[in-house]
Amino acid sequence: MQKVSQRKTYDVCIVGSGAGGGMAAYVLTQAGADVIMLEAGGMWDLAKDSAMLEWPYESPRRGASTKDHPFGEFDGCIGGWDIEGEPYARAAGTQFDWWRARMLGGRTNHWGRISLRFGPDDFQRRNLDGLGDNWPITYADVAPYYDRVDRLVGVFGSKEGLHNHPDSIFLPPPTPRCWELMVKQAADRLRITCIPSRLSILTESIHGRAACHHCGQCNRGCKTNSNFSSTGVLIPPAMATGKLTLVTNAMAREVTTDARGLATGVSYVNKLTGADEHVNARVVVLAASACESARLLLNSRSSRFSHGLANSSGVVGKYLTDTTGTDVGGYIPKMVDHVPHNEDGVGGAHLYMPWWLDNRKLDFPRGYHIELWGGLGVPAYGFMGGIQRYPSGGGYGKSLKDDYRKYYGATVGFSGRGEMIPNEESYCELDPGVVDQWGIPVLRFHWKWSDHEYKQVKHMQETFRSLVAQMGGEVFSPMPSKEEGYGIAAGGQIIHELGTTRMGNDPARSVLNAHGQAHDVKNLFVVDGGPFVSQADKNPTWTILALSWRTSEYIADQRKQGVV
Ligand SMILES: Cc1cc2nc3c(=O)[nH]c(=O)nc-3n(C[C@H](O)[C@H](O)[C@H](O)COP(=O)(O)OP(=O)(O)OC[C@H]3O[C@@H](n4cnc5c(N)ncnc54)[C@H](O)[C@@H]3O)c2cc1C
Ligand code: SF4
């Protein structure tokens, strides 16, 4: 933790160091602003702290999960579904899970690096099908910032010219693996578009960062900085300007304001001492993740802002969305007893399937994309989780070992990731009775899927089953029924929460304007997933990065003009 001056007034205080906060720190320090960043988690040094290349046998746990590493002890992100001392509540009947990171770089330390641009239709969906709302900006407004993110961060992929899946400035994609080519053959037969993935992993060296050496362990964090994390790609250049004061273990409690209703800084808990502290700033930028930023605003109450800061519309916390998701896995006999072959590659699939159909011809309004899984990972704890599902699989001793050898690499799976339409019944608010370990009121979630999402997920299930069948395989689980929601993952489980401080032109229906600036407080901005007006059938982080760059550039311009 660097030394904080309580007396000084910093130009900008950024809360959170993940995708949105890291990019804001990068752009604003390059623009010459004196920036302080408050991060609730601890420091993290990729080169020292990543578990890259550790073997399962080096740990008595063999890689099994721990409380603050729910995706396995080697995973690069500290946090989880439940954080001690930091509860959250669910309204009766609500199924919603909230994944939170607590470390420098936030969730970018282990995200999947699927780096998709939203397309032109995604910003104007209401014009096309009358549902949800349009964004106050178009693809053309964001495209130059996507270009900059591509050049700075690096993303591989292939030029396809698909209307609503815009190409990036791509590095060359890696060659598909054998099992992926088999998936592609099946997809081609079913006329499902299957193209190289778009991942922010370097297949060529850029900006002094090494090209990927194909260890396949991206979720652990990359010691050679060959994939994107805020920790490795955004924070170090911001620090190198000498303009960034980084304060870790600083849990922001409230944005403070003055008599004019302008933000004056942020009060926070020093988690190491338990003391309440405050930092003064001319501009406050929230990037604590969509729901945490909404929580901060709702907790920033005063006589002037009795319903929370920037909330004259009552929209803070509303229109919360997550990506829809469901999975189907299967056993492919053709892949049993395969000839050993090289499967090296990046830590993610080399192919994916963007949305390929026309919703006007279907009974649900929005699309999804398909992510693939399979192949020959290093065996660790939970290896092949459930060999009893394979024909004659399981047992004890030699027959069990033989089955593992036989079936290793003979599984493929498909995960759908689709667009949810915001609805009035999915939102977060402050719980009236529950506080965290520092006495800060916590969020209570409300959640409801509509028929649009259920029908879309049913289509995913049917499609994935056809893909497994086309490969000559057998699925592991029966088709989930309507009563089972066709297998839809609970809200929050896909970890793409968006929309809680949405942007818009109408201050009565939105929290922020088209620049990510609060309608009510001109020196307050949000740069995480909160400003999103809709989900799209894409993962959101490339758009968080582009929008954060756009907002940060706007802040720098406004500062130059003396407006904020
Ligand atoms: C396993 C996994 C896989 C994913 N895969 C993909 C993918 O392939 N593609 C994609 O686009 N997205 C993916 N995502 C989502 C992606 O990680 C998020 O969209 C992105 O990280 C959001 O950025 P953010 O800046 O809003 O929040 P975060 O990255 O979560 O950063 C928020 C930071 O704020 C800090 N913070 C929170 N509250 C406070 C407070 N009160 N005071 C101070 N600091 C605070 C947190 O500690 C954290 O460091 C994935 C997420 C997970 C968990
Ligand atoms: S697969 Fe490549 S980018 Fe991912 S952790 Fe290994 S070397 Fe780094």
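Trainee: In β16, which residue is the bridge partner of Arg-90?

Mentor: This is a predicted model. Strand β4 covers 89–90, and two bridges join β4 to β16, residues 441–446. The two strands run parallel. In β16, the bridge partner of Arg-90 is Phe-445.

Trainee: Which strands stand at the edges of the open sheet formed by β4, β16 and β15, and why is one side of each left without a neighbour?

Mentor: The sheet is open, with mixed pairing, and its order is β4-β16-β15. Each edge strand has a single partner strand, so one side of each lacks a neighbour in the sheet. The edge strands are β4 (89–90) and β15 (427–435).

Trainee: What angle does the direction of helix α7 make with that of β16?

Mentor: Helix α7 spans residues 290–299 and packs on the sheet. The helix touches β15 and β16. Its direction makes an angle with that of β16 of about 125 degrees.

Trainee: Which residue of β10 stands opposite Val-266?

Mentor: Start with the pairing. Strand β9 (residues 263–270) and β10 pair in the antiparallel sense over five bridges. They form a hairpin with five residues between them, and Gly-274 in the turn has a positive phi of about 80 degrees. Opposite Val-266 in β10 stands Val-279.

Trainee: In β18, which residue is the bridge partner of Val-285?

Mentor: Strand β10 runs parallel to β1 (residues 9–15), joined by six bridges. There, Val-15 stands opposite Leu-286. Three bridges join β10 to β18, residues 524–526, also in parallel. In β18, the partner of Val-285 is Phe-525.

Trainee: Which strand gives the most residues to the shell around ligand 1?

Mentor: Three elements, α1 (19–30), β8 (250–257) and α10 (541–560), each supply at least two residues of the shell. The shell divides into 17 nonpolar, 13 polar and six charged residues. Among the residues that come nearest are Glu-39, Arg-107 and Ala-252. The strand giving the most, with three residues, is β8.

Trainee: How much of the accessible area of ligand 1 does the protein cover?

Mentor: Take the polar contacts at the ligand. An oxygen atom of ligand 1 is 2.9 Å from a polar backbone atom of Gly-20, and an oxygen atom lies 3.4 Å from a backbone N or O atom of Pro-540. A nitrogen atom of the ligand is 2.8 Å from an N or O atom in the side chain of Thr-541. On its own, ligand 1 has 1000 Å² of accessible area, and the protein covers 94%.

Definitions and conventions: Residues numbered from 1 in each chain as written. Chains lettered and ligands numbered in written order. Predicted model: local features only at pLDDT ≥ 70, side-chain atom pairs only at ≥ 80, totals over all residues. Heavy atoms only, no water. Pairing = 2+ DSSP bridges. Helix = DSSP H or I, 4+ residues; strand = E, 2+ residues; numbered from the N terminus. Contact = heavy atoms within 4.5 Å. Axes fitted to C-alpha atoms, helices over the stretch in contact; angles between N-to-C directions. Near = heavy atom within 4 Å. Polar contact = N/O pair within 3.5 Å; in protein donor to acceptor, adjacent residues only side chain to side chain. Areas by Shrake-Rupley, 256 points an atom, 1.4 Å probe, with all protein chains shown as cover. Nonpolar A, V, L, I, M, F, W, Y, C, P; charged D, E, K, R; others polar.
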